[in-house]
Structure formats: C-alpha cells, structure tokens
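Visitor: I am new to this structure and would be grateful for a close look at its largest pocket.

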Amino acid sequence: MKQFKRIFLIVMDSVGIGAAPDAREFNDEGADTLGHIAEKMDGLHMPNIAKLGLSQIREIKGIEKVAQPLGHYGKMQEASNGKDTMTGHWELMGLHIEQPLQTFPDGFPPELIETLENQTGRKIIGNKPASGTGILDELGEHHYHTGDLIVYTSADSVLQIAAHEEIVPLEELYHICEIARDLTLDEKYRVGRVIARPFTGQPGAWERTSNRHDYALKPFGRTVMNELKDEGYSSIAIGKISDIYDGEGVTKTLRTKSNMDGMDKLLQSMDEQFTGLSFVNLVDFDAIFGHRRDPIGYGKALEEFDARLPEVFEKMQEDDLLMITADHGNDPIHHGTDHTREYVPLLVYSPNQTESNDLGVRQTFADIGATIAENFQIKMPFYGKSFLDKL
C-alpha cells in the first residue's frame, strides 16, 4: 500500500454539496450550498476542481463532468450532533460529538453578562445574535463614545466581543476574552469559542481588522493531530486551525488574513521538506459570504480559489497527497444566517495515481482522520474508516 510523505488537507469552510439525510432535524431541508450558488451564478467556472471530479460527486451547473477525473471523489456525511465549525473539524480528526455545544438564540444569561461586567470593569451592550458587520453598524458609535463592550453571538456556539482598537487596546481585549473563556468553560454554558473581534475606523465606516483571536474549548479527546505530533510528525495548522483545536496536536501555526492568504501560506508550507500534515481552513466562504447570504460573492470566491489550484498541483511531489473537503454547509439561499446540515465534498489527488476511484458516501468525516492515521501508521481513531487502500 502506498505511503505518502506529506498530506495537504484543505477545508473549504461551509462548502456543502447538498442536504444530508437528517437535514430536516436541523431545519435544513432543501439546503444545497454549491448547487444554489451555481444556479445564482448561472454556472460556476471552476475548471481545476472539475478535473479532480467534483461533478462526478453530483452535477453542479457550469462545472464539467470530465470523462477521466484526475482525483478520487466522494462525499461525506457528518455523524456528530451539530453543524458548527468545531464539531465538523473535530470529527475530521477522529472525534464524535454526541452532545452539541450550547447556542444562545436569545443572548447570554443575565448572570453571565453581569459577572463579565464586574470582572472587566466595562459595561456590555448588544447581547444578541447578530452579524459581525450589522452589530457594528448598530452599536459601533455607542461603543466608540462610551467604551462599552459589544457582545454578540450567532447560530454557532460563540461569544464574540467587538471593540475598537483605539478605545480598547488589543491587550485589554484579549484579556477580557480570556476572562470570558474562563467563565464559559463549564457545562452550564458550554460555549465552543470566545472570539475577540477588534475593529477600527469611524462611525459609518467601521473595518474589522485581522487581529481576531479565538479562544476555543479543547477537543473532548485525543485527535489524529495529537498522535502525529507525539510520534514526531509535523502537524502544520494554517488559518484558524490552531484556534479550533486550541493548539492541541499542532507543531507549527501559520496565521492568515483571507482565503487568498490561506492559499499563499499553504503554498509556503509546500516549499518545506517535512513528513506529516499541512492543514488549512479557508474561512472567507463561511464568514464573509455564507453568513451574509451573498451567493454571488460566494461564487466568485469559489472561482478565485479554483484559480489557485494549479499552483498547488505544480508544487506537489510524487509522494504528496491532497485532500479537499468542507466542515458543514452554509447555503446563502437558505433561510436565516445559519450553517446548514449538508454532505461535504471529498476530493483526493496525488501526482502518481494512475486511476480514479469513486470513494462513495462516507458515513463520517472521521474517515479523513482514519486515512491520515493509517498512512503514517499511528494510533487509529476510534471513529472513522480509512480509504487509503482505494488511493
């Protein structure tokens, strides 16, 4: 069985490929992120991902169904109880989450807000689900003149704290988020991430900066990344990957500012000689376009990503493996601004492969973690079935 020296895993954050069988249970019946975007774009122009076999998984308007795909292809169903970023990513690395992280559709409990005010010495405004830009339009000027903290949440299990960098210095904002993290660790709240959301600008022209910082729960068990690190392999985390796993199993972190910066950093890691995993999350699909229900912007971002794939192919060595997938859906045509419970695409490619295989419908995202574990002959996760023998 072929063993790969370097594995590059790209998570296209929120790029679902059609409603999962249990979508109705999540109020997501009919969700179809890629399909609906392609319809709104009157066809997606993604020739490079087409070559890997995307339309072999299912036909997507504008994406050619090639006769001989370069890659192996399939789709994966999430087994864990949830549709958020952390649950999806943790499952990719071999964990199964039965108890979902807590969400706060009516805002956070008064006692939590009062405690946070007392411990930070600042008043809190907002305390409701909101988009990151919308809440600044609504409360940014109030914050600018008073220094009150803007606290908000979303459909994810997140407590987000927005503050102007000139009003609340970054060091103070980060300390405030550390306090909030400590207050929300127990089962009473079970918040997945506390996120610092610094911004700059003037009333009517706010701009969120790249100084965002996530304070995540630690994974509820050991992941494939822990096993890689402990066995002396590289586990390179690009973008928000290190934050999602709270640094667990990470040997090197590369921060990013955008999808394109994420691709730059991935290519940078491809210039390094290492043995192990390079793992990138491309967050713009979700944060900038999915949650804001912008199918055209989403479609253009997908096409921009596709245009960068030839650079990845060119840098791949004979014993490299590329895997492209997602962590959930976020259908910009669907109701609300929530993630959507969908299948995610699975595309796998190596320069030395001589045939293309249908990987079928995988019953858990953890099949990726199991494949990585078998490749490097490390401890296999309890969940997941490797498809290494099909590559």
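Guide: Helices (H or I, at least four residues) and strands (E, at least two) are DSSP runs numbered from the N terminus. The model is predicted, so local features need pLDDT of at least 70 and side-chain atom pairs 80 or more, while totals for chains, interfaces and linings use all residues. Numbering runs from 1 along each chain as its sequence is written, and side-chain values use heavy atoms, without hydrogens or water.

The largest pocket (an open set of 1 Å grid points over the protein atoms alone where a 1.4 Å probe fits, with protein on both sides within 12 Å along at least five of seven lines) has a volume of about 680 Å³. Its lining (residues with an atom within 4 Å of a point) comprises 25 residues, and T209, S210, R212, T256 and K257 are the closest to the centre. Strands β6 (193–202), β7 (205–208) and β8 (213–216), together with helix α11 (284–290), each give at least two residues to this lining. Sorted by class, 12 of the lining residues are charged, eight are polar and five are nonpolar.

The second largest pocket offers a useful companion view. This pocket holds about 460 Å³ of space and has 27 lining residues, with A130, S154, A155, Q160 and H291 nearest its centre. Strand β6 and helix α11 again each supply at least two lining residues, as do β4 (149–153) and β5 (158–164). The largest share, three residues, comes from β6. By class, this second lining has 10 polar, nine nonpolar and eight charged residues.

Note on methods: Grid points are joined across faces, edges and corners, and a volume is the space filled by probe spheres set on the points. Ala, Val, Leu, Ile, Met, Phe, Trp, Tyr, Cys and Pro count as nonpolar, Asp, Glu, Lys and Arg as charged, and the others, Gly among them, as polar.
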